[in-house]
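Here are a few notes on the pockets, for when you next have the structure open. I hope they are handy to read alongside it.

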Amino acid sequence: MIPYGRQEITESDIDAVIEVLRSDFLTQGPKVPEFERMVAEHVGARHGLAVNSATSALHIACLALGLGNGDWLWTSPVTFVASANCGLYCGACVDFVDIDSRTYNLCPVALRKKLEVARTENRLPKIVVAVHLSGQPCDMKAIAALADEYGFKVIEDASHAIGGKYRGEFIGNGRYSDVTVFSFHPVKIVTTAEGGVAVTNDDELARKMDLFRNHGITRDTSLMTQEPDGPWYYQQVELGFNYRMTELQAALGVSQMQRLDHFVARRHQLAGRYDQLLADLPVITPWQHPDSYSGLHLYVVRLQLAGLDVSHRAFFEYLRSNGVGVNLHYIPVHTQPYYKAMGFEAQDFPEAMAYYSEAISLPMFHGMAEEQQDAVVAAVKGAFGELA
Ligand SMILES: *Cc1c(COP(=O)(O)O)cnc(C)c1O
């Protein structure tokens, strides 16, 4: 089975991890700060905070921004559940904004409309999580303008987007948001096995996220409410978590980050090749906004099956049974029974549902050979030939 995504691990990645195993520190040593600095410098942010997953990074970002009971967090329905769950972790309510029909990202026009209504009902969001689906950045300029006008904070969920650019600048530089979060899960562009990094330019947010990832404890006397009992003393000043990244993960990350530009360039080559090979088939290939240089974590096509006697599901099953590990990113979060129980109806977000009825993620990963890509295209052609 050709997987939809797969890590690339080299001998030097392995050596970097082994070196840590032979060293004094498996956790809380020098590698984590090195990895944080590397990510922050690469994307052009002041601070980087490494944690054990992007999910944790989203959680501490929400906490640092003060999200709590009675607040609202809005995001796109077409995302992984973590982009929404982080709001629930904080006791906030979650709502969604429908997607743009071409980028599949949170639509700023729909956002404005929803904000206008929310203002009259006095339930404006405290945080909007802008998810860069597949690695293509959202219309951040428009979202940032609305954030100014309506007074909400913006988190970029850039789990798919490290190494990508928006208007010529790396995603994560914080020009249009408060915090940006990256994932280093093995299917993503760069991996640390599990891992995430939150980047920000705001010193105070960085300080708070640092506390929340480490039990809420500090050894910084200026943050304590009482005199230390002695040199051993640390004080718990918040209710935090153990979300720390290990040295093993960070060492892998440092080694992988050196190949980031390579990873993204290769993904662009593969995407360009898919675009050509699929051009004559009834599929919509990923449209790229001129402001975007996507990280291309995913290559999502939309099947145009109208008039053909074949279902999306049959197509998907055909590809899986012909050795192509296709996937579907994502089941709209508001249709999950857990969210439906909050009162959402599938058709609350019709663009998301239209997308869900047509989307298929074709395999896309750095080590993908052209023969593998040809096999994927042959299987897609086979599906149209045999099923339609
Ligand atoms: C993968 C992913 C996450 C969660 O990342 P983890 O590192 O696995 O916790 C969050 N949001 C999006 C959009 C993702 O794709």
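The points below take the two pockets in turn.

1. A word on the basis: this is a predicted model, where local features need pLDDT of at least 70, side-chain atom pairs count only at pLDDT 80 or more, and totals for chains, interfaces and linings use all residues. Residues are numbered from 1 along each chain as its sequence is written, and side-chain values use heavy atoms, with hydrogens and water left out.

2. The largest pocket (an open set of points on a 1 Å grid over the protein atoms alone, where a 1.4 Å probe fits, with protein on both sides within 12 Å along at least five of seven lines) holds about 330 Å³ of space. That volume is the space filled by probe spheres set on the points, which are joined across faces, edges and corners.

3. Its lining (residues with an atom within 4 Å of a point) comes to 22 residues, with Phe-80, Ser-183, His-185, Lys-188 and Tyr-330 nearest the centre. Helix 3 (54-64) and helix 4 (82-89) are the elements giving two or more residues, and helix 3 gives the most, with 3. Helices here are DSSP runs of H or I, at least four residues, numbered from the N terminus.

4. Domain 1 (11-257) and domain 2 (260-387) both contribute to this lining, so the largest pocket lies between them. The domain bounds come from an automatic or database domain assignment.

5. The second largest pocket has a volume of about 280 Å³. Among its lining residues are Arg-207, Asp-210, Arg-219 and Asp-220. Helix 7 (203-212) gives the most, with 3 residues.
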